[in-house]
Amino acid sequence: MSSDAMAIRTASETGRPWVETLHEWVTTVDHKRLGILYILYALFFLVVAGSEAMIMRIQLMYPHNAFVSPQVFNRMFTMHGTTMVFFVGIPILFGFANYIVPLMIGARDMAFPRLNAFSFWLTAFGGFLLYFSFFGGSGLYGAGSAPDVGWWAYAPLTSRAFSPGHSTDYWTIGLLVAGFGSIGTAINIIATILCMRCPGMKLGRMPLLVWMNLVMSGMVLIAITPLSAAQIMLCVDRYLGGHFFDTQAGGSATLWMHFFWIFGHPEVYILIIPAFAFMSEIVPVFSRKPIFGYPVMVGATVCIGFLSLSVWAHHMFTIGMSSYTNAFFTLTTLAVGIPTGIKIFNWLGTMWGGKIQFKTPMLFCIAFLFQFLIAGLTGIMLGSAAFNWQLSGSYFVVAHFHYTLVGGLLFAIFAAFYYWYPKIIGKMLSEGLGKLHFWLLFIGFHLTFDLMHIPGLLGMPRRIYTYEPGRGWDTWNLLITIGAFIQGIATLVFVANLIISYFKGAKAGSDPWDAWTLEWSVSSPPPSYNFASIPTVASRRPLWDLKHPEDQDGRYE
Amino acid sequence: MSAISSPFPESAVAWKLPYRGKIGMACLIIAESAIFTIFVVAYLFYGGKSLTGPTPREVLEIPIFFSICLLSSSATIHLASRFLERGKRGGFLILWVLTIVLGVLFMYGTGREWHRLIYEHGLTISTNLFGTTYYSLVGLHAFHVTAGLLMLTIVLLFGLAGRVGQEQSGRIDVLSMYWHFVDVVWVVVFTVVYVLGR
């Protein structure tokens with residue numbers, strides 16, 4: 001069935017000049033191709049930003065190391081953070097959303113295909129603009145320099161006096177442009193989900209991935225825009241002589257902090273909610289059970305979305321806010337733990353009593369479960385103002401948020417890769433290499449980020465380019481760097497797996513995992529029009545209904 | 001092509017979903033509201049914190065006439081789209097032109113005010129905090145009015161060429177949503193800048 005579709009596809013694609021293929025990819029408005037472009041673009045920057053992390057880890061491997069200069073070190077942590085958040089995290093999640101959401105809701109494309117292409121190219125342009133700073137940051141007279149103001153770019157460091165040249169402007173404008181791209185895609189995802197569902201796909205029957213991407217996109221609308229606004233203000237300050245963040249003219253550096261974190265904290269939920277989405281699709285399939293507590297999962301997601309908008313100042317406990325403010329933001333921060341805890345119990349409830357298959361995607365999901373739990377626990381520690389005063393700005397914080405973003409988000413993204421690669425490419429990823437990738441990454445991750453909490457507790461501040469020997473940090477840092485290298489090797493194994501399986505992987509067929517959502521009803525890779533005829537669904541698991549006509553899901557919902 | 005046909009039967013259930021244009025515009029409006037909120041917060045936060053003059057009380061005059069122009073253009077665009085919905089293209093075009101004229105009048109008012117502030121009072125975006133916040137907030141709104149006027153003009157050109165008919169009224173409604181949003185923002189900006197800020 002699917003091999004015929006493949007044959008049609010390859011017959012039309014062989015024997016054409018590569019320029020034509022390239023032209024097709026550049027001008028495409030197909031959600032699947034744009035999804036792939038998003039993902040490839042993000043993978044490229046994942047390697048770039050990963051290399052920047054390696055440079056930092058080599059520098060910190062032992063005291064008084066001189067692998068890079070302090071200036072370069074500042075650029076590395078700025079570019080690493082900025083790239084990972086804006087040009088790896090967001091694009092890769094948008095890529096998966098782009099690819100999967102229309103297929104899951106039985107649509108032939110996104111609501112606005114051209115806006116989709118426009119948004120992708122805006123995001124792409126933003127990334128290249130940011131990296132062009134390496135050549136153009138100091139203007140024509142200098143050798144160039146990347147931004148070095150940190151990824152949250154606190155005022156007054158970004159003022160002309162402290163950031164001469166254009167490196168900060170590349171940061172500002174690159175993110176502004178990419179932000180507009182994100183808003184475009186978010187609008188598109190929401191309009192697609194609300195307006196393009198196939199008959200019978202009521203809101204209460206949408207797969208959880210679709211629900212969570214709906215919430216994520218809604219958050220993008222109200223969380224990315226404050227950053228855009230703040231960056232317009234920063235441009236006004238830097239180019240037109242404005243005084244928004246100019247303390248000498250009565251402006252306020254604190255206001256930038258508020259504006260940045262009004263964006264910055266919801267942003268981490270924008271990144272993690274799609275990870276929840278992957279979990280909620282993959283865990284049931286490999287536990288051979290429907291998701292436990294579907295309505296509660298939806299409610300918890302919406303709840304996290306709302307709560308996350310009211311927690312931003314927990315990044316600012318140390319700037320000296322009033323005790324009422326501290327108490328408020330401590331309470332809201334701790335409250336986020338409740339819906340998140342509900343989710344973790346629901347995934348456990350899904351696995352409970354299931355016939356669990358320990359395939360690679362499931363391994364990543366299980367690791368996600370307890371790693372994200374630990375990340376949440378250190379998050380609750382840091383969310384309490386009194387504890388935060390001790391450890392804010394230390395490596396404990398770095399360990400915490402890498403635990404969420406690597407141990408949580410990255411593991412979920414890898415699970416998604418192993419789960420949907422067969423659909424996207426039509427070939428299975430190698431299980432052997434996949435398991436090797438998983439165990440290497442798992443060991444490397446824990447070596448790096450479990451141990452990173454300890455120098456933080458011992459007082460090692462973040463963003464220092466070197467340190468004195470004999471403070472008890474030396475061995476820890478060496479081990480952390482070794483862990484980072486293991487993670488680097490794991491990533492290379494993953495890339496090798498992607499490439500090798502592309503050429504030599506086993507044929508996937510349309511439904512290799514015996515899954516239940518609509519994307520598995522079409523061939524792998526899906527035809528450009530997705531569905532020959534628009535499907536009609538009667539339950540949350542349309543493919544289950546199709547495979548088990550005697551035991552329809554709708555009866556139990 | 002039977003090989004790739006869907007296993008699902010053709011739809012028989014009644015199924016109606018909202019128009020994607022309206023949802024898309026509603027999302028854009030939510031996003032834009034967040035941007036304006038940040039600028040409004042900055043304006044209010046910095047109110048009275050300028051270290052040097054001129055202050056809003058000294059230089060700002062309430063632009064009542066031009067505000068009425070902009071706000072009434074919401075009524076004209078609404079009526080225009082109702083006319084189009086009923087297929088009355090003549091009435092639609094007249095009201096559409098009127099909307100554009102009212103919008104241009106408003107922009108003229110903003111331009112005149114800025115000219116007066118710059119040349120008579122020496123207030124620019126870099127003079128003090130008031131200048132910085134005032135020009136960026138009012139300017140951001142003026143930018144949105146200008147963008148709206150451009151879109152209105154494009155529709156007008158198509159309309160004059162006879163290409164805007166009843167079947168386009170859904171899209172015209174989407175544009176009219178945007179225009180209403182710009183007007184509502186002006187109510188907020190007006191309140192913040194000319195009432196509270198003075």
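The following conversation goes through chain B of a predicted model, and then through some of its helix contacts.

Colleague: What makes up chain B, helices or strands?

Modeller: Chain B has 6 helices and 0 strands, and the order of its elements from the N terminus is accordingly written α-α-α-α-α-α.

Colleague: How do you know what radius of gyration a compact globule of 198 residues would have, and which value does chain B have?

Modeller: The globule rule is 2.2 Å times the number of residues to the power 0.38, and for 198 residues the rule gives a radius near 16 Å, whereas chain B has 22 Å. The spans of its C-alpha trace along the principal axes, about 75 × 40 × 25 Å, can be set beside that value.

Colleague: What share of chain B counts as buried, and what makes a residue buried?

Modeller: A residue is called buried if 20 or more other C-beta atoms lie within 10 Å of its own, and 33% of the 198 residues of chain B count as buried in this sense. As for contacts in chain B with a separation of 6 or more, 84% of them join residues that are 24 or more positions apart.

Colleague: Why are α7(A) and α1(B) called oblique to each other?

Modeller: Helix α7 of chain A, residues 208–240, and helix α1 of chain B, residues 20–46, have axes that come within 8 Å and cross at roughly 45 degrees. Angles under 35 degrees count as roughly parallel and those from 65 to 115 as roughly perpendicular, so an angle that falls between these ranges is oblique, and α7(A) and α1(B) are therefore oblique to each other. Their crossing is right-handed.

Colleague: Which residues meet there, and into which classes do the residues of this contact divide?

Modeller: Among those of α7(A) are A:Leu221, A:Ile222 and A:Met233, while those of α1(B) include B:Cys27, B:Ile30 and B:Phe39. The residues of this contact divide into 14 nonpolar, 2 polar and no charged.

Colleague: How many residues of chain B are in contact with chain A, and which helix supplies the largest share?

Modeller: On the side of chain B there are 37 residues in contact with 43 residues of chain A. Both α1 and α5 (129–160) of chain B supply at least two residues of that side, and the largest share, 13 residues, comes from α1(B). By class, the residues of chain B that touch chain A divide into 25 nonpolar, 9 polar and 3 charged.

Colleague: What makes α3(B) roughly antiparallel to α6(B)?

Modeller: Helix α3 of chain B, residues 64–85, packs against helix α6 of chain B, residues 169–196, at an angle of about 165 degrees, with their axes 10 Å apart. An angle over 145 degrees counts as roughly antiparallel, and that makes α3(B) roughly antiparallel to α6(B). The crossing in which α3(B) passes α6(B) is left-handed. This contact includes B:Leu70 and B:His78 of α3(B) together with B:Trp179 and B:His180 of α6(B), and by class it has 8 nonpolar, 7 polar and 3 charged residues.

Colleague: How do you know what to call the arrangement of α14(A) and α15(A)?

Modeller: The axes of helix α14 (residues 431–457) and helix α15 (residues 474–504), both in chain A, come within 8 Å and cross at roughly 155 degrees. With the limit for this term again at over 145 degrees, α14(A) and α15(A) are therefore roughly antiparallel to each other. Their crossing is left-handed, and their contact has 22 nonpolar, 8 polar and no charged residues.

Methods: Residues are numbered from 1 along each chain as its sequence is written. Chains are lettered from A and ligands numbered from 1 in the order in which they are written. This is a predicted model: local features need pLDDT of at least 70, side-chain atom pairs count only at pLDDT 80 or more; totals for chains, interfaces and linings use all residues. Helices (H or I, at least four residues) and strands (E, at least two) are DSSP runs, numbered from the N terminus. A residue is buried if 20 or more other C-beta atoms lie within 10 Å of its own, exposed if 12 or fewer, and partly exposed in between; C-beta atoms are placed from the backbone. Two residues are in contact if their C-beta atoms, placed from the backbone, lie within 7 Å. Axes are lines fitted to C-alpha atoms, for helices over the stretch in contact, and angles run from 0 to 180 degrees between N-to-C directions. A crossing is left-handed if the near helix is turned anticlockwise from the far one by less than a right angle, and right-handed if clockwise. Ala, Val, Leu, Ile, Met, Phe, Trp, Tyr, Cys and Pro count as nonpolar, Asp, Glu, Lys and Arg as charged, and the others, Gly among them, as polar.
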